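Work through the following exercises with the sequence and the 3D structure side by side, taking each solution one step at a time.

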Amino acid sequence: MKKSTILVLLIVFLGSVLVVGIFGLRAVPYEKIVYVQEIRPTSVVTKSANAQELEIQIDPNGYYVLVPYEEGLEVLINYELTPADCTNKDIKITIVQPDKNPPAIITDRNTIVFTRKGAIHLQYSAQDSASGPTMDFWIYPYN
Amino acid sequence: MKKRFSVILALVMILAVAVPVMASCDNKQVKEIAVVDPVTSYKVGDSIDYDSLLIKVTYEDDTSDTKTVKALKANVTKADLSKEGNTSYTVSYGGKSVTVNIKVDAKGGIVDDNIQVSAFIEPTFYTAYKTKSAASQGEEARSEFRVKGETYEVGNVNKFIFRPSATGLDLDEHKTITVTNVKTTAKVYSKNTKDGAYTELTGEDLANFVAIDDNTYKFSQGAAGKYVKLEIAIDAEEYDLSLLEEDNSVITVEMLVVGGGYNVYDQLGLSVMCDMQKKAWAPLWGAEVTFNATTQKYDLSAGSKPVRLEADDKDLYEYVGNVSWVILHTAKMGVDDQGKPAVKQLELNANQMPETFFWSSTDTEYTTALASIKGLSNLESKLDGSLKEGLNDGQHPNYTKDMIGDGNIVAETGIGANMQNGLFASCKVSISGNYNGIIVPKTYKEGERHFDVVVDWGDNGDSKPSDPIPHWSVFQIHMTQDAAGLEAVYDIKNLAMTGNCAKDNISEDERKNGTPAGMMMVNCYSNHLTFSNTLSDRFYTNIVVDAFGDKTGVNIINSKMYDAYSNMCFMWRSKITIENSELIGAGGPLFILSDGNDHFVQDNHTDAEGANMTVDTKSTLQSYATGNESWYATFNATALVGQFTGPLNTLLGNFGKTIVKEQGGLKYVNIIAAIICSPGDLMSGNSNNLIDVCGSFTTKNAEGIVEEFKMHNDTLVKLRAAAQNDAKMFPVILQVGNLFAFTDGQNMFTLDGTTQKPFDPATDGVAWATDAHDKICVYMSAASQSGSSKAPYFGVVLDIYKNS
């Protein structure tokens, strides 16, 4: 290594550590994490020949829809995140069921396909934080 | 003839009397009849076994007899139980009858034929546990616990409340009806080991194991350490379950009963662990506090209105100091800010905390505190209601002392009071989270209490009034010494925590108004605290590992920590080991290993006496910085980082190595650890007592040590000794693996055994270029080593990469 390089290194090193004020301290904006605050359903529709939009209702257990049951019933749930510019938009969808086979499966992020008639409880969880918000959503098929 | 007639007449007369007499013994005149203990309430669809009804028959001679309808061959006019309403049945016997009026109710309170029970729902905390402990469906997210499927835990000190609900579907109204506190029946099974087979408990065995009452379960001492399964069924007698799948009419709960465990459902229940803060918390417990001069401890007694929680059999204060674990069942279905239902983890409520924790405008020192932040509008407006530390003049009123005892001694541990504080401070209690979360809210309303620090304890050169340094943690774990001098072992496990102090990007202009500091997560004075399977984000510092008396020790296993404003761990001497964990995104160096003070060169201290950290190679450590982040700006370390990204990186380029990653036109270095003295002494020194930093940072894998950076490694000791005698020498020393390189300001050197030699690019350069280690330690001092002013050496550990 050239002596001049070493000298420059050491001079700058000394100067900057001891005389910090000359260089100034300017905080440069960096990618601060914007955390998800809320998950809300926006619309729920059935995916069938007679596709219909279902009314989203609320009870103490969370959001829910009532849907007439038919074989092969598919329900599409759309949701939004608040704030819209959250850094990590990943949402995990879990079927909550007491240790038994649930009456439906999730085929993609939004679509629930029923294999038999029965109430299903879904939980949507933000993935950006340990204690991130969740959304509980129930689908009640009926005859 | 006459005589025969007389005999026959007599016989007839006798028979005429006798027969009726005999006849009346079997068919006495019935005076009245009554049904014995008749049931007067039934549900629609029930049936009555009329043949088995007991009828008390009272005869005219006042004798009585009780027999079944069947035995009496009595007649019954039956009641109609097919519909709701009032009805009756009538029993007739011996010319008498009795009518019993009964009321027929609909099944389970679901009164309409068009309402169906559609779901039997477990409590929210158990759902939250199951979803959080479920296996990953893809790549593990930062919100997921590292270890899945840990057994749910329940304490046996107080009741385990497990209240299911049910939803009925009203198809006419197109709405749901929720039934809370559903009537249930439970089967109980137990086993001694996790992998063993369950045995159902019945009769006396069941009664001795657990008391079940109204969806609460109080486990006995004998149940401690046992694995338990509850099969909780919705009561089929109470509700119409015709449309509920049988699979869904039973909730199965599996758990481990923890001896000495106290079940916590809310913040007040969590305060049972505050055995170190009886004086502060007593008002919230409804208890009186008196200081016992003999034991040097605070004694608790009942106040005028002692608090008793639903799960408890005695007043809350009576549990304080008498539990070994707090076990969380705290996730609840609540409402969000819009009033919509939302699962809520336990969010700490400052208004339900001791008054002494917070500044109030009525405090005698308030005016002085306010004056210390004069001109800092962001802080002045927030002082009232902020967490209370001392004033910025080094003479702080020690609020820890006020909270926990008289004098300078912490009563329960015998060690001195200190500047660190905790919302929940204990020397006895571990925490089992059951995958629940605790949140420190960031929301602020002027005039209300909040979890920021606005005026900090003291000025050690590490803080400015505009940037207070907090000394408040959510949990504070103290050391216990029993009669044998042993130390308790503490655990914090399966717990998620979110703080109120993420990394920020505040501009210099904003900084001028002052920036409140958020909370730290845990302050530890114990020699044996283990974080196991924990998740955390957004704390000022996650763990302050303090040394008070003996060396403090913390293990961090299978844990994940993110987005801290300052550091993930601040060590004051002490030991930390980290295994299979992920610590990403501190605002400053990931770890500060501070040797505290009182170590001087002439005293020949060893590195073991300083701060020592050991990390396994399975752990991920990241804290990328340009040096212009707020933390570096606050602590005047921007230029130092500039040296790494600039001249030092240029130097390393000669070896085919780099410590820089570029993104978005910016240069980042991954600053993992800084091994320093007390921060205030970093730039200073004197000729008589040269401060000597002790400490080490080590990485290990299954085969052994991978990298070991010690402040007293042989090379450094030798070089520093030489530097002391040479006014020109203040070398910067680089260590990668077992390779050292250094400069005296004019030349580059390395070591050949114990002899220094000029750096040879053809050999030394190749060794450096091909070395596979991924960490480098830079040993340096902030000032000259010559003359009468010798600043101490410190070490900075960074990632190093092959130059592509």
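Two strands are said to pair if DSSP finds at least two bridges between them. The model is a predicted one.

**Exercise 1.** Determine in which sense strand 9 and strand 18 of chain B pair, and which residue Glu153(B) stands opposite.

*Solution.* Begin with the bridges: strand 9 of chain B pairs with strand 18 (residues 250-258) in the parallel sense, over four bridges. Within this pairing, Glu153(B) stands opposite Leu256(B) of strand 18. Then follow the side chains along strand 9 (residues 152-155), where Tyr152(B) and Val154(B) point one way while Glu153(B) and Gly155(B) point the other way. Finally, check burial, and Tyr152(B), Glu153(B), Val154(B) and Gly155(B) all prove to be buried.

**Exercise 2.** Explain why helix 6 of chain B is described as largely enclosed by the rest of the structure.

*Solution.* First apply the cut-off, by which a residue is buried if 20 or more other C-beta atoms lie within 10 Å of its own. The residues of helix 6 that are buried are Lys278(B), Lys279(B), Ala280(B), Trp281(B), Ala282(B) and Trp285(B). Because six of the eight residues of helix 6 (residues 278-285) are buried, the helix is largely enclosed by the rest of the structure. Continuing past the helix, one comes to Gly286(B), whose phi is positive, near 70°.

**Exercise 3.** Establish what pLDDT chain B averages, and where in the chain pLDDT stays under 50.

*Solution.* Chain B averages a pLDDT of 85, and 85% of the residues score at least 70. Over residues 14-25, however, pLDDT stays under 50, and the model has one contact there beyond four places in sequence. Over residues 392-398 pLDDT also stays under 50, with 16 contacts beyond four places in sequence. For the complex, the predictor gives an ipTM of 0.81 and a pTM of 0.84.

Conventions:
Residues numbered from 1 in each chain as written. Chains lettered and ligands numbered in written order. Predicted model: local features only at pLDDT ≥ 70, side-chain atom pairs only at ≥ 80, totals over all residues. Buried ≥ 20, exposed ≤ 12 C-beta atoms within 10 Å, placed from the backbone. Helix = DSSP H or I, 4+ residues; strand = E, 2+ residues; numbered from the N terminus. pLDDT = per-residue confidence, 0-100. Contact = placed C-beta atoms within 7 Å.
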